Amino acid sequence: MTDTDAVVAGRPEGTPSRRGTPGRQVPAALLLPAVLGLMFLVLPLAGLLIRAPWATLPQRLATPGVLTALRLSLQCATLATLLCLALGVPLAWLLARVDFPGRRLVRALVTVPLVLPPVVGGVALLLVFGRRGLLGGWLDSTFGITLPFTTTGVVLAEAFVAMPFLIIAVEGALRGADRRYEEAAATLGAGRWTTFTHVTLPLVGPGIAAGAVLCWARALGEFGATITFAGNYPGTTQTMPLAVYLALETDLDAAIVLSLILLTVSVAILAGLRDRWISST
Amino acid sequence: MTSHRIRALLTALAVSALVAATGCGGNDTTGAQTGASATAGATGTVNVFAAASLTETFTKLGKDFEAAHPGTRVKFNFAGSSALATQINQGAPADVFASAAPKNMATVTDAGNADGAPTTFVKNQLVIAVPKGNPNGVKDLADLTRPGVKVALCAEQVPCGAAAKKALDTGGVELTPVTLEQDVKAALSKVKLGEVDAALVYRTDAKAAAADVEGIEFPESAGAVNDYPIVALKGARNAAGAKAFVAYVLSDRGKAVLTEAGFQVP
Amino acid sequence: MTAVPEPVTAARKPFNGPMLDAHLVVDRGTFRLEVALRIAAGEVVALLGPNGAGKTTALRALAGLQPLTDGHLALAGGDLDRPERRVWTPPEDRPIGVVFQDYLLFPHLTAVDNVAFGLRRRGLDRRAARARAETWLARVGLADHGRRKPRQLSGGQAQRVALARALAVDPTLLLLDEPLAALDARTRLDTRAELHRHLTAHPGATLLVTHDPLDALVLADRLVIVEDGRVVQEGDAATVTARPRTDYVARLVGLNLYRGRADGHAVHLADTFTLACADRLDGDAFVVFPPTAVALHPQRPDGSARNTWPATITGIQRHGDNLRVQLAGPITAAADVTPAAAAHLQLTPGQQVWAAVKATETQAYPA
């Protein structure tokens with residue numbers, strides 16, 4: 001029997017792997033569009049860099065409003081990302097793991113902020129959370145909470161627009177994760193919640209991180225919904241994109257400087273996170 | 001950055017690169033002043049870059065112009081005056097520029113892109129826009145400083161904001177708005193949605209939104225009247241059409257349409 | 001899902017019946033699994049069968065990962081599942097341990113934390129759980145590997161961590177799904193012996209799912225063979241290997257198997273062939289003989305063999321030191337010949353030969 005086994009089990013060994021063979025050519029049909037794609041993404045950035053008023057850069061950086069807007073932007077984008085994580089990860093789990101009626105519809109609804117023009121999203125938020133909105137009036141009369149024209153409003157507007165990025169990434173990660181690990185956890189006595197926190201979350205950690213990064217970046221650049229829902233007031237609701245926009249009205253150079261600051265800071269933060277956080281798993 | 005105008009700017013930047021590449025300069029036309037002689041030869045497409053606050057009136061004027069000059073077509077690009085000025089200076093294909101503020105016009109003329117001197121064709125004045133029925137009983141600027149009254153202004157960088165600042169300074173009114181909107185329509189929509197109790201907007205805008213808002217005149221606005229200059233552009237591909245359109249705006253027919261919308265004619 | 005009123009933690013409860021008493025009925029589309037299983041405390045039962053027979057479905061049903069359609073499942077006398085009363089117990093409330101085919105060690109946890117996972121869920125604090133886990137790792141010979149992540153472990157080490165993780169919670173029922181299938185031949189040999197030691201020591205009931213007869217024979221006290229969702233044969237290793245009752249089992253144990261009607265020393269097969277047997281029997285019967293009992297001759301032999309028939313060679317494979325020759329003819333059979341004999345006979349596929357089996361080499365038993 002042993003011998004029969006050996007024959008049956010004896011797969012041909014040492015079949016050479018073709019992956020990673022050195023000297024293989026990248027097909028031009030892929031390389032050409034890839035390079036074009038990269039240029040398409042990078043050239044506008046180069047445009048900003050070339051056009052930047054380097055001589056006056058230090059004075060412009062020292063303008064008091066700039067740092068205020070930058071700080072507000074970073075704060076709001078981070079808070080919005082946290083809000084998206086708190087609400088979006090459970091929602092993604094529900095979409096990926098629980099078979100409930102209308103799931104397809106819910107999944108479609110989740111992506112609505114992606115296709116909705118952000119300004120419309122801002123109006124929609126006003127219609128719900130505004131002073132005369134569906135919930136806003138009640139929030140105001142019951143708790144004295146008003147959201148438009150507040151920093152909280154900025155966070156909400158950013159979260160509204162950015163949440164789909166997180167949900168889609170996390171749901172994809174959850175669907176891609178091997179569910180048998182969750183079954184293994186169950187046989188070891190872990191209930192659904194413990195399984196979620198101790199097994200599922202760590203397994204899809206990279207997916208969540210990637211989703212959070214996308215979400216944060218989207219929130220950081222958010223303009224339309226923010227200015228519509230939260231308005232624009234320095235120190236409370238004027239984030240960098242809003243400052244850039246208004247600078248464009250009068251001073252192209254100032255707009256370019258602000259854009260570069262936003263770009264530099266966000267790229268630096270993302271690159272820093274990538275090393276510590278994303279590639280570590 | 002999803003802003004419409006920033007996208008427009010990027011488009012303009014791309015266009016400017018193309019224009020530069022093809023070496024397409026402005027064709028010089030002799031400075032024929034507005035008049036019947038220029039109007040006569042108008043054909044083809046006229047590209048008009050006009051301030052957003054002119055959307056309704058210019059659309060109407062465009063149709064009238066096309067009717068009066070068979071064979072012409074007027075294409076509009078409505079946006080904030082400053083964005084339009086940037087686009088023009090970056091080489092966007094414009095024949096006429098109608099600005100909501102002399103400052104933005106100066107950006108274009110200083111760059112040497114105007115064909116002749118701009119003409120002020122209308123003036124616009126600020127009013128206090130309040131929700132229909134004026135629930136807070138606002139009568140003048142001072143009422144806007146009452147506690148609990150939320151006010152939206154335009155950002156100082158845009159003409160209606162500059163005018164508002166001037167009016168407030170004139171009246172010595174210290175006002176803290178809840179928001180500085182990106183343009184007059186945005187400020188007005190905050191009133192329409194009930195998110196603010198009042199906004200300083202142009203009389204024409206208040207009038208266009210008469211179904212939802214009331215415009216309250218206030219004396220300080222006299223010191224902050226906004227002039228709207230118009231000019232044919234040097235880079236115009238359709239120089240004759242550009243002149244003809246400018247002339248049409250300045251004609252009695254043009255004035256009638258503009259006055260009806262609430263503009264003051266100089 | 002409805003949990004049973006009192007969770008069973010009864011490995012030590014005095015209990016006289018079978019530790020596991022299950023009648024598993026699972027409908028999955030057109031496939032139906034219906035298997036009765038009873039396993040005593042300390043007993044190791046192997047569930048053996050070809051791919052798609054329903055082995056893994058049975059294991060998942062026992063673990064609570066696949067709800068029963070019908071039947072019942074009781075551990076140590078307590079009902080876990082009884083669909084007719086709408087009683088099901090979720091997997092996390094069952095006193096079970098499972099070793100999965102790919103082990104499914106949590107990749108983000110160290111070996112110790114993997115083993116401690118179940119202990120923590122059963123209420124031990126972190127320190128106690130880790131201490132117990134360390135003990136278990138030492139027991140499977142991996143005391144030095146506790147801090148490693150699963151990807152830093154070899155296949156055999158991962159298998160042992162998985163075993164420690166399943167055993168650490170003192171399961172009333174231990175389930176193993178193809179525990180050696182993912183290992184290479186050499187590791188499998190060592191690990192099999194190691195596994196045997198731990199299974200023997202385990203006081204609870206053990207069910208081993210495998211398609212490898214050697215695993216089953218070495219590790220299990222009793223074999224349950226399933227084909228197409230049904231139990232086709234059950235018994236200890238000696239019985240099953242000596243007296244296969246289906247072609248699948250016969251192939252597993254390497255015997256030629258025929259079914260027919262016995263009339264004294266003759267067994268009449270369906271296709272009008274008759275085998276002469278040493279055993280005396282009446283009624284439906286099976287006849288088996290090993291391939292080594294089949295002699296091949298170029299001409300019809302005259303000797304003492306009672307069973308001879310003309311056959312055509314359909315295939316020749318190496319089989320250990322010998323060659324295994326597949327024969328077609330009035331009956332299909334496998335014959336083992338030495339390479340020397342094969343060379344002498346110049347055996348090639350398609351060749352006509354005569355096959356002979358002595359009656360004394362056959363075994364007949366009631367069907």
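Q: What does it take for two residues to be in contact?

A: Two residues are in contact if their C-beta atoms, placed from the backbone, lie within 7 Å. This structure is a predicted model, in which local features need pLDDT of at least 70 and side-chain atom pairs count only at pLDDT 80 or more, while totals for chains, interfaces and linings use all residues. Residues are numbered from 1 along each chain as its sequence is written, and chains are lettered from A in the order in which they are written.

Q: How many residues does each chain give to the contact between chain C and chain A?

A: Chain C gives 21 residues and chain A gives 21 residues. Helices (H or I, at least four residues) and strands (E, at least two) are DSSP runs, numbered from the N terminus, and those of chain C that give two or more residues to this side are strand 6 (96-99), helix 2 (111-121) and helix 6 (213-219). The largest share, 3 residues, comes from helix 2 of chain C.

Q: Which chains touch with the most contacts, and which do not touch?

A: Among the 2 pairs of chains that touch, chains A and B have the most contacts. Chain B and chain C do not touch, and their nearest C-alpha atoms are 38 Å apart.

Q: How is chain C divided?

A: Domain bounds come from an automatic or database domain assignment, and here chain C is divided into domain 1 (10-242) and domain 2 (256-367). The centres of these two domains of chain C, taken over C-alpha atoms, are separated by 40 Å. In its secondary structure, chain C comes to 9 helices and 18 strands.

Q: In what order do the strands of the open sheet in chain B stand?

A: Two strands pair if DSSP finds at least two bridges between them. In chain B, 5 strands form an open sheet in the order 7-6-8-5-9, with mixed pairing. Strand 7 (179-181) and strand 9 (213-216) of chain B each have a single partner strand, so one side of each is left without a neighbour in the sheet.

Q: How do strand 5 and strand 8 of chain B run, and how many bridges join them?

A: Strand 5 (residues 126-131) and strand 8 (residues 198-202) of chain B run antiparallel and are joined by 4 bridges. One residue to look for in the structure is B:Leu126, which stands opposite B:Tyr202 in strand 8 of chain B.
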